[in-house]
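The following exercises concern enclosed spaces, open pockets and salt bridges in a protein model. Please attempt each task before reading its solution.

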Amino acid sequence: MKVGMVVFPGTNCDRDTKWAFEKVGAQVEFVWHTDKLKKFDLVVLPGGFSYGDYLRSGAIARFSPVMEEVKKYAQKGGKVLGICNGFQILLESHLLPGAMTRNESLHFISKFHHLKVVNNENQFLSQCEKGEILNIPIAHAEGNYRVDNDTLKEMYDNGQILLKYCDENGEELNPNGSVDAIAGICNKEKNVFGLMPHPERAMDSILGGEDGIKMLKGFFQ
Amino acid sequence: MGYMELDKSRLEEILAKHKLTKADYEHIVQILGREPNLVELGIFSAMWSEHCSYKSSKIYLKGFPTEAPWVVQGPGENAGVIDIGDGMVAVFKMESHNHPSFIEPYQGAATGVGGILRDVFTMGARPVLNLNAIRFADIRGESPKAKLHRHLLSGVVAGIAGYGNCVGVPTIGGETAFEECYKGNILVNAFSLGICRKDEVFYARAEGVGNPVIYVGSKTGRDGLGGAVMSSDSFKEEDEDQRPTVQVGDPFTEKLLMEACLELFKTDYIVGIQDMGAAGLTSSSFEMAGKSGSGLKLYLDKVPMREEGMNPYELMLSESQERMLICAKKGYEDKVIEIFKKYELDAEVIGEVTDSGRVELFWYGEKVADIPVAPITEEAPELCRPVMEPSYLKEIKEVEIPKADPQETFEKLIREPEVVDKSWIYTQYDSMVQTNTADSGRVDGSVIRVKENGKFIGVSTDCNARFCYIDPKKGAVASVLEAGRNVAVKGIEPKAITDCLNFGNPERPEIMWQFKEACEGIKEACQEMTTPVVSGNVSLYNENEGEGVYPTPEIGMVGVGDKWRSSYLKKEGNLVYLLGETKPEFGGSLYLKVIGGKVAGVHPEIDYEKERKLWKILQSDLIESAKDVGVGGIAIALYKWGSVSNKGLSLQVEGLSQPIDIFSESLHRALVEVDPKNREEFEKLLEESGIKWQLVGRVGGDRLEVNGVGIDLQEGRKIYFETFPQLMSSEIL
């Protein structure tokens, strides 16, 4: 599988995410934000602080030349995964519905957090069981997901709500104030995925967990 | 040389502003063979400031042990370098940003992180971990002081997070301490460690006549103007108006600058590179020329400027952040500039290397300064300031240790801000970016793995300032030993240190004596433990209204190993051993501070042989987990260990002289967990080593206790994890 890893000025999880995808057998190529997008099986927008998160997370990156190409690629059905800042950029680019605000605590939060798989009828979470509880690190200051009620209902109906924050027993535990404790979503067509947690940081036992592997492996089909 | 002529009628005032003496001025005149102009005076002032010249401290730093087979580069470069095997090296240093952080906590701490990161990546290494040692006054209560210090702590933590998280370097540990002596002068010490190939280390050099000197990074503004001079000053009441001397950080630019530099280092376009840190363009240009014995011509009008109307004086002394000076190979200018343009950074050729041995500065064609390089560094004032043993030391030696009820004591100590979990702080730091963090320092040291060679690097920052107050020499020794032990408990062998020496006003003989003693302690301990000093930083004038901070020689220990172990208790039923000897030693202890209200007494005994044996045993694979016994003694060690592991511990320690010895802070001790199946083998190892040991219990149960003193496990955990967030939710300012 060929993965294109988009790098904006200020992206800082590009090398990590490349390492993680290579660990599960993908070929990964970096795409600088002014480069053309080649033919890939998956385009990943990794985490970090594109443009320093100045103005608002992802708000400037959305105007990067490469984003026009990512949009076209997604509209043609190409698969896109946005992690953390990548998710924020997908929201700002309107490739995914909703928006992010500051965490309720107003602090950056970095820790392992449990997630519940709400829907696995999509490629990204196809290797996970519905209701399965995963343990994946989060690291963000703006992860408080917001969306209007009508859209939210539509998203539930379409199976677009993918992951929710929870405790180790699956009970709701909301670290940042997200509506319905939502941690990850996809678009209606189920080819654009976004999540705040970092699966690339849960790839071996040294790091404290391996639950990220099955997430990334979902794309290998 | 008509530009910026000195107004001789105001000479005294001008010298005072530049913190130069009349003797310094005469020395400058002698070096130049004429009177300096204002630009030149500014340059001398910066280069001879305490911050850049180490004029008060140099004579004591000279005898530091700096060599071992694994040391690649000792002090003198931007950071120290040690070999970590398979052609890889670790590059590390620690630096203070105390004064700026007290004035403006967010930017002060943030730029502290930025500065130490540049020290590391200037050497060619990608920074892979940060630590921070921060110290405040007591943050409890509703006094204006407590509120101020909660505000300072919040700001410092946010600043460290804001900068480090954005650049993408994990902050994986550090230390937080509280003493009233920091009420007018907090301490913020930032540590960074990077990794690179041994044959790809870069040094600060500018040589090869005609080679271009290139300025890269942020534009120069008026921020931080004269910061190096400022930081060599004690705080006074009116210093609120020093705000403009605090630099403002831009971590986004730093990230771009770092990536551009790391990309540049993969080429062979450059001769050398130097960060523009304290004293900005002045120190970077003189250091680069000085190290190569060459000269430089710089055309200051070519420097990218943030605002109009700046003059050569300001350009040479500005401490704008995120800037570097590069000496490129002639003919490669365009290629170098191309890399920086990719990252949308300024890059301008601003000068060239000469063989004149002088730094010559030009401003639109006019020469505005001409200073010989060698004398400004070699003839920098080196002071032998008077030293005198402080009188307080005699007064505090004799102290009666109150005999409090152990259970009541335990319940007090487990609530101390110094003791309880600081995840309120740590969770604001991205500790996992770069996917190498094995252990982010919930207790004792921290560990990362190195993907390039499969090794593990253990790190810890420590200083027991109470010990240093009652005995600066032994306290410094204890700090080195504690930092090493905190790495050793992770199953990793301590290898070398960096230090950050935070002291009061060196013009006071008592402070200079403390400094001298602490240096002696570091020398002795590093020699004895074979952990040389490879880099470091001195921060003086940490005082407020005549009151010095406790001597605080912060130690950053780095260890390397093929394996590591976490500090979490592994299994119920495993055996727990206490290694080392517990004596009734309460000098400088938490017990005496909290129960007796004093920082006093006699320092615990030091025995290097015992510490060496302990470090060796801690490397054993028979150990499942280990915990340093330090502040608060056995009782606090087991409280922390059980709380973070969520496992009970009911220990019985024999041979204590009195019940309160469970809080004694005797050195050279650790608690270790061993699987019963390894009992025989482990006890044989202990016997052979000759250290004192006893089996004190097993993992399990629902209590955290020693000799019947303790607390229910879950109640203890609640106090351990919830005390600090509650404190910080109180009102600030």
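**Exercise 1.** Determine what volume the largest cavity of this predicted model has, and which residues lie closest to its centre.

*Solution.* Step 1: the largest cavity has a volume of about 640 Å³. Step 2: its lining is made up of 39 residues, and those closest to the centre are Glu175(B), Glu418(B), Asp462(B), Glu482(B) and Lys640(B). Step 3: the elements of chain B that contribute two or more residues to this lining include strand E4 (126-136), strand E16 (456-462), helix H19 (472-488) and helix H23 (633-645). Step 4: E5(B) gives the most, with 5 residues. Step 5: sorted by class, the lining has 14 nonpolar, 11 polar and 14 charged residues.

**Exercise 2.** State how many cavities of 30 Å³ or more the search finds, and describe the second largest cavity.

*Solution.* Step 1: the search of the whole structure yields 6 cavities of 30 Å³ or more. Step 2: the second largest cavity has a volume of about 80 Å³. Step 3: among the residues that line this cavity are Asn464(B), Phe467(B), Glu482(B), Arg485(B) and Leu667(B). Step 4: H19(B) supplies the largest share of the lining, 4 residues. Step 5: the lining residues divide into 5 nonpolar, 4 polar and 3 charged. Step 6: Glu482(B) appears in the lining of the second largest cavity, and Glu482(B) is also one of the residues closest to the centre of the largest cavity.

**Exercise 3.** Identify which chains and elements line the second largest pocket.

*Solution.* Step 1: the volume of the second largest pocket is about 1400 Å³. Step 2: this pocket is lined by 41 residues, and Lys111(A), Phe112(A), His113(A), Arg442(B) and Tyr568(B) lie nearest its centre. Step 3: two or more lining residues come from strand E6 (109-117) of chain A, and likewise from strand E5 (171-178), helix H17 (423-426), strand E14 (437-439) and helix H25 (713-728) of chain B. Step 4: E6(A) provides the largest share, 6 residues. Step 5: by class, the lining comprises 16 nonpolar, 18 polar and 7 charged residues.

**Exercise 4.** Explain why the salt bridge between Glu524(B) and Lys473(B) ties together parts that are apart in sequence.

*Solution.* Step 1: the side chains of Glu524(B) and Lys473(B) meet in a salt bridge at 3.1 Å, N to O. Step 2: Glu524(B) belongs to helix H20 (residues 509-529) of chain B and Lys473(B) to helix H19 of chain B, so the pair ties together parts that are 51 residues apart in sequence. Step 3: Glu524(B) has a relative accessible area of 32% and is therefore partly exposed. Lys473(B), with 26%, is also partly exposed.

**Exercise 5.** Decide whether Lys684(B) is buried or exposed, and where its salt-bridge partner Glu688(B) lies.

*Solution.* Step 1: a salt bridge of 3.8 Å, N to O, joins the side chains of Lys684(B) and Glu688(B). Step 2: both residues lie in helix H24 (residues 679-689) of chain B, 4 residues apart, which is about one turn of the helix. Step 3: a residue counts as exposed over 50% relative accessible area. Lys684(B), at 55%, is therefore exposed, and Glu688(B), at 60%, is exposed as well. Step 4: elsewhere, salt bridges with shared partners join Glu179(B), Glu418(B), Arg466(B) and Lys593(B) into one network. Step 5: over all chains, the count comes to 69 salt bridges.

Key: Residues are numbered from 1 along each chain as its sequence is written. Chains are lettered from A and ligands numbered from 1 in the order in which they are written. This is a predicted model: local features need pLDDT of at least 70, side-chain atom pairs count only at pLDDT 80 or more; totals for chains, interfaces and linings use all residues. Side-chain values use heavy atoms; hydrogens and water are left out. On a 1 Å grid over the protein atoms alone, a cavity is a set of points where a 1.4 Å probe fits but cannot get out, and a pocket is an open set with protein on both sides within 12 Å along at least five of seven lines; lining residues have an atom within 4 Å of a point. Grid points are joined across faces, edges and corners, and a volume is the space filled by probe spheres set on the points. Ala, Val, Leu, Ile, Met, Phe, Trp, Tyr, Cys and Pro count as nonpolar, Asp, Glu, Lys and Arg as charged, and the others, Gly among them, as polar. A salt bridge is a side-chain nitrogen of Lys or Arg within 4 Å of a carboxyl oxygen of Asp or Glu. Buried means under 20% relative accessible area, exposed over 50%, partly exposed in between (1.4 Å probe, protein chains only).
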